[in-house]
Amino acid sequence: MHFAHLIVPLQKIDVMRKIILAVSLLMALCVNAQGARSHERSEFSFQSSKVTNADGDVEFVKFGVYAGGELQKEYVYELVPPIDANMAETIGHFYEPDLNFDGYPDVDIYLGYMGGYANNTYHEALLWDQSQHCFVQAEDYNGIGEPMAVPEQKYIYTVSSDGPDHRVSSFYRWKGHELELIRTNTWAIESDEYVNFDGLGLLPCYRFDAKLDGRIPVTIVFQKTDNDDIVAGYIYYPKAKHPAPIMIVGYVSRYEDKLYYYLNEYQSDGVMTGFISIETPLELNYLSTFAGRWINPKTQKEMQMKDISFSQEVPTWFTESLLKPEDPGKIGREYSFQKWDQAYQEMMGGHITFRGAGRNKVHFECCNARHNIAEDKSEDGRPAVLNGNVFEYYEVNECHYGFRATFFPRFVVLKTITDTESLHCFGMGAAFDGVYVKVKQ
């Protein structure tokens, strides 16, 4: 759904307007008064009115929420600066699209033009919360510009200006009642090249740009699962002889006010070619700079990454998420990883193979020799049962070892889910844990 027809002409107003939620008649977020009966969404109606100042300019918009003909709550939005009444015909107009794609109409309230590019407009939104039978004020919706909803992909996007020749598309998803930026894309107006990023889904994209040892440019772009368990994306060396994105997979941990990323480069055969560690502030913004390092696993050569910059700009070569849940019917036959071991001076790692055992069922055989050896397989007659792209398998051996397998299109992540006592059947420090790259479909 597109709301561009609400735009006030550019030449009329050229001052940034700040919209402030000033007053409401009720203290609670929901429109229902305490003790009052719950109303269905179909019972609600709305009225918008303008309040002028002594000069005759529109200074406030009052927006009333009614149920059964009775006022439930009133929102007051301040227009800074006030708008000439002759220019304010469309101010306060509202529509009732399904903004958060839950099947219920919400409310979009138009509050004017903020200056600059034509899509730079202010809107407020009230989201219907079916679980509470009330409307809730949307967070971080009012400053994004002209919102355009895409129900098929369940995102909202806007287009803004980046100078006279370029535009920026920004994509957002809902997290509860909050609108969260997930990626941006800058494009030239004159370009006829269209890149579709819908394959990235709704997971946010993060981009780090840096120089190894201050001289080798590198771009790292990745996504992470909502629980931050798994991080996956690509590292790109633009000055390489044959530059191409290299897959990176790892994890992120939090300690106090810092995030610590640990990522490994993987070739298509599962061989690790680089280890990356990056420390960032807990809350990133476009002014953030931070540091990290890259290590060659075979030579142990280390290169520092200083003054790393952050953005959510997606390069044109990253169009498919690595973190899409794998279709159970497409699980590969063999997955592997290999890492150079300094002590043994040879490649060591692990592999796991799967064979079908019925609908959404597989037998497995795993050997992980990264440190000591962890090796075993599923019992005959007791295959692993997939729930979506995940299975959990307990009682692998007499030590009651259990692990979780999470499948993605290019790799599977194995993680121990039983206590340390269950590791006694393996060599010291050994387990199935690791990222195994699909090497045979």
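Me: What is the relative accessible area of Glu302?

Reply: This is a predicted model, in which local features need pLDDT of at least 70 and side-chain atom pairs count only at pLDDT 80 or more, while totals for chains, interfaces and linings use all residues. Residues are numbered from 1 along each chain as its sequence is written, and side-chain values use heavy atoms, without hydrogens or water. Glu302 is partly exposed (between buried, under 20% relative accessible area, and exposed, over 50%; 1.4 Å probe, protein chains only). Its relative accessible area is 35%.

Me: Which residue meets Glu302 in a salt bridge?

Reply: A salt bridge places a side-chain nitrogen of Lys or Arg within 4 Å of a carboxyl oxygen of Asp or Glu. For Glu302, the N to O distance is 3.1 Å, and the partner is Arg293.

Me: How many residues apart in sequence are the parts that Glu334 and Lys440 tie together?

Reply: Glu334 forms a salt bridge with Lys440, with 3.8 Å between the closest N and O atoms. Glu334 belongs to strand S21 and Lys440 to strand S29 (strands are DSSP runs of E, at least two residues, numbered from the N terminus). The pair therefore joins parts whose separation in sequence, in residues, is 106.

Me: Which strand holds Lys258, the partner of Glu279?

Reply: The closest N and O atoms of Glu279 and Lys258 are 3.8 Å apart, in a salt bridge. Glu279 lies in strand S18, so the bridge ties that strand to a part 21 residues away in sequence, where Lys258 lies in strand S17.

Me: How many salt bridges does the whole structure contain?

Reply: Arg173, Glu180 and Asp226 are linked in a network of salt bridges. A search of the whole structure gives a total of 11.

Technical notes:
Helix = DSSP H or I, 4+ residues; strand = E, 2+ residues; numbered from the N terminus.
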